[in-house]
Each structure stands twice: as C-alpha cells, then as structure tokens.
Amino acid sequence: MFNKPSVYFIMGTQNASGKDPLKVLEEALKGGITHFQLREKGTGALQGQDLVEFAEKCQELCTQYQIPFLINDDVDLALAVGADGIHIGQEDMDCDQARALIGKEKMLGVSVHSLEEARVAIDAGADYFGMGPVYGTRSKADAKRPAGTAGIEEVISHFPDIPVFGIGGISPQNAGAVWQAGACGVAVISALSGADDIALQIAHFKNSYKGVLI
Ligand SMILES: Cc1ncsc1CCOP(=O)(O)O
Ligand SMILES: C=C1C=NC(C)=NC1=N
Ligand SMILES: [Mg+2]
C-alpha cells in the first residue's frame, strides 16, 4: 500500500494540458503510478453530474489497474463513487469528521505542515501525510512558500510509522532530496500530467530513488 518509492499522481481536468484527462490517467496507470488522486479545482473545473461521471470513469480505470483511487477535499463525491480514500487539507473538514464519514477501511490522507498538525491527524487515524510545497509550484494557487524537506524530516523523525509524501514542484531531477528526507513517495501533478512520455517520466522518478544513500 505504501511501499518506497511510491509515485502518487494527482490530476484534475485542468491539469491535462489540453490532452484527454482519462487518456493521461490511463497512460500514468500503465506507466506504473502507485496512487491516483482526483483533485478537481480552478476555473473550468467539472461540477455536479459531470464531475460524478468523470470520477466514476477514473475509478473504473484505477480498479482495472488495481491502484488506489483517492479524491481531494470532496468527501461526498468520494462516498458517491466508492473511492478508495480521500485527501484533506487543514482548511477542509477536520480529520475526525472525515474518518467518521468514510469509515475505517478507506484511506485517509492529510496535508500537514507541522508536528502539531501531524499529531492531530494521527489521532484521527490518518493513513499518510502529504507535506509541501517542497519546491515552487504553479499548480496550487494558494500554495504556501516552498519549505524544502526540513518539515518532512522532522515529521518522519517523530512519527516514523506514518508514510509521508512530498509534494510541490517535484521532478525526477529534484526528487533526490525528498527521498533523502525519508519520504515514502513523491506526489506529483505537472511533472507527470505535462510529460511527453509519462511512463518514461515515472521510470525517471523511480530511478531517482535508487540514487539515494541510506
Ligand atoms: C496540491 C499541492 N499542494 C502543495 S503543492 C501542490 C501542487 C503540486 O503540483 P506540482 O507537482 O505541479 O507542483
Ligand atoms: C495538497 C496535497 C498534499 N498531498 C497530497 C498527497 N495531496 C494533496 N492534494
Ligand atoms: Mg483541500
């Protein structure tokens, strides 16, 4: 479920750089991503029944490739389509409530930026943390300033059993520091959704882990 090196692809219809998002997702699944998250945000984002139908198609593809399908923020949508889990940020519903709504079996991911936030998330039964932005990013309009990997190291040293994903501006060229910090995986939008050859890019991400001195 959370083996190193994990490559966690995150995408919404607005991140597909003009390509068919379902084609991008299928290419990423074929290429070996380990997790997928639907994060539908920004101008032009799908809503209502269109979003439900799109999410169902994502779910079908992830089931076909036996990859966990998570939905960002929208717990109701996740429950409606039977997603494998949800990812929530500090400004979304609180972890306890999310865990109560989805039950014990589903995956609960939480964005954390401090030990305190990590502690609260663990007490609510979070299965993994997302931490970032590690580097500069253009994929999240309200991203905090880049934090590097210090926070990842600190959280892992205090909570060694919780998988941590680094996120924010991560590419195969700069992923080494994220692995070095002890992250279970990299969570990526544009370096994958914008890649000419997604499978090759995933291979580059996995190879960047091999270069890590433990
Ligand atoms: C959702 C999110 N949270 C922190 S940075 C970010 C966006 C990551 O996108 P990219 O991999 O394109 O920098
Ligand atoms: C903000 C986020 C941080 N981490 C992950 C895995 N997903 C997100 N949407
Ligand atoms: Mg959120």
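Pro5 is found in the segment before strand E1, and the peptide bond that leads into Pro5 from Lys4 is cis, with omega near -10 degrees. That is a good place to start a walk through this structure, which is a predicted model.

## Backbone details

A second cis peptide bond joins Gly132 and Pro133, where omega is about 5 degrees. Pro133 lies in the loop between E6 and helix H6, the latter covering residues 150-158. One more backbone point concerns Gln66, whose phi is near 55 degrees, a positive value in a residue other than glycine. You will find Gln66 in the loop between helix H2 (48-64) and E3. These spots are worth a look because most residues other than glycine have a negative phi, and most peptide bonds are trans.

## The annotated domain

UniProt, in an unreviewed entry, places the feature "domain: Thiamine phosphate synthase/TenI" at residues 7-192. Within that span, 37% is helix and 18% is strand, and the end C-alpha atoms lie 10 Å apart.

## Ligand 1

Which residues surround ligand 1? The shell is made of Arg39, Pro133, Thr137, Ser139, Lys140, Ile167, Gly168, Gly169, Val188, Ile189 and Ser190. Pro133, then, takes part in this shell as well as in the cis bond with Gly132. By residue type, the shell around ligand 1 divides into four nonpolar, five polar and two charged.

Oxygen atoms of ligand 1 have several polar partners. The side chain of Ser139 brings an N or O atom to 2.5 Å from one oxygen atom. The backbone also contributes: an N or O atom of Gly169 lies 2.7 Å from an oxygen atom of the ligand, and a backbone N or O atom of Ile189 lies 2.9 Å from an oxygen atom of ligand 1. On its own, ligand 1 has 380 Å² of accessible area, and the protein covers 92% of it. Ligand 1 sits in the largest pocket.

## Ligand 2

Ligand 2 also sits in the largest pocket. Which elements give two or more residues to the shell around ligand 2? They are strand E1 (6-11) and strand E6 (128-131). The full shell holds Tyr8, Ile10, Gln37, Arg39, Asn72, His87, Ser111, Tyr128, Gly130, Ile167 and Ala187. Arg39 and Ile167 appear here and in the surroundings of ligand 1 too. The shell around ligand 2 divides into five nonpolar, five polar and one charged.

For ligand 2, the polar contacts listed here involve nitrogen atoms of the ligand and side chains of Gln37, Asn72 and His87. Taken alone, ligand 2 exposes 270 Å², and the protein buries 91% of that. Here are contacts of both ligands, set out for reference.

| Ligand and atom | Protein partner | Distance |
|---|---|---|
| Ligand 1, oxygen | Ser139, side chain | 2.5 Å |
| Ligand 1, oxygen | Gly169, backbone | 2.7 Å |
| Ligand 1, oxygen | Ile189, backbone | 2.9 Å |
| Ligand 2, nitrogen | Gln37, side chain | 3.0 Å |
| Ligand 2, nitrogen | Asn72, side chain | 3.4 Å |
| Ligand 2, nitrogen | His87, side chain | 3.5 Å |

## What the UniProt record adds

The unreviewed UniProt entry lists Gln37, Leu38, Arg39, Glu40, Lys41, Asn72, Ser111 and Lys140 under "binding site". From this set, the lining of the largest pocket takes in Gln37, Arg39, Lys41, Asn72, Ser111 and Lys140. Gln37 lies in strand E2, which covers residues 35-38. In the model, Gln37, Arg39, Asn72 and Ser111 are among the residues that surround ligand 2, while Arg39 and Lys140 are among those around ligand 1.

The "binding site" feature is also placed by UniProt, again in an unreviewed entry, at Asp73 and Asp92. Although these two are spread over 20 residues of sequence, they cluster in space, with a largest C-alpha distance of 6.3 Å. Both Asp73 and Asp92 are included in the lining of the largest pocket. Asp73 has its place in the loop between strand E3 (69-72) and helix H3 (75-81).

Conventions
Residues are numbered from 1 along each chain as its sequence is written. Chains are lettered from A and ligands numbered from 1 in the order in which they are written. This is a predicted model: local features need pLDDT of at least 70, side-chain atom pairs count only at pLDDT 80 or more; totals for chains, interfaces and linings use all residues. Side-chain values use heavy atoms; hydrogens and water are left out. A residue is near a molecule or strand if one of its heavy atoms lies within 4 Å of it. A polar contact is a pair of N or O atoms within 3.5 Å; within protein, one must be able to donate a hydrogen and the other to accept it, and residues adjacent in sequence count only if both atoms are side-chain atoms. Accessible areas come from the Shrake-Rupley method with a 1.4 Å probe; for residues, only the protein chains shown count as cover. On a 1 Å grid over the protein atoms alone, a cavity is a set of points where a 1.4 Å probe fits but cannot get out, and a pocket is an open set with protein on both sides within 12 Å along at least five of seven lines; lining residues have an atom within 4 Å of a point. A molecule sits in a cavity or pocket if more than half of its atoms lie within 2 Å of its grid points. Helices (H or I, at least four residues) and strands (E, at least two) are DSSP runs, numbered from the N terminus. Ala, Val, Leu, Ile, Met, Phe, Trp, Tyr, Cys and Pro count as nonpolar, Asp, Glu, Lys and Arg as charged, and the others, Gly among them, as polar. UniProt positions are given in the numbering used here, feature names are shortened, and annotations may be inferred rather than shown by experiment.
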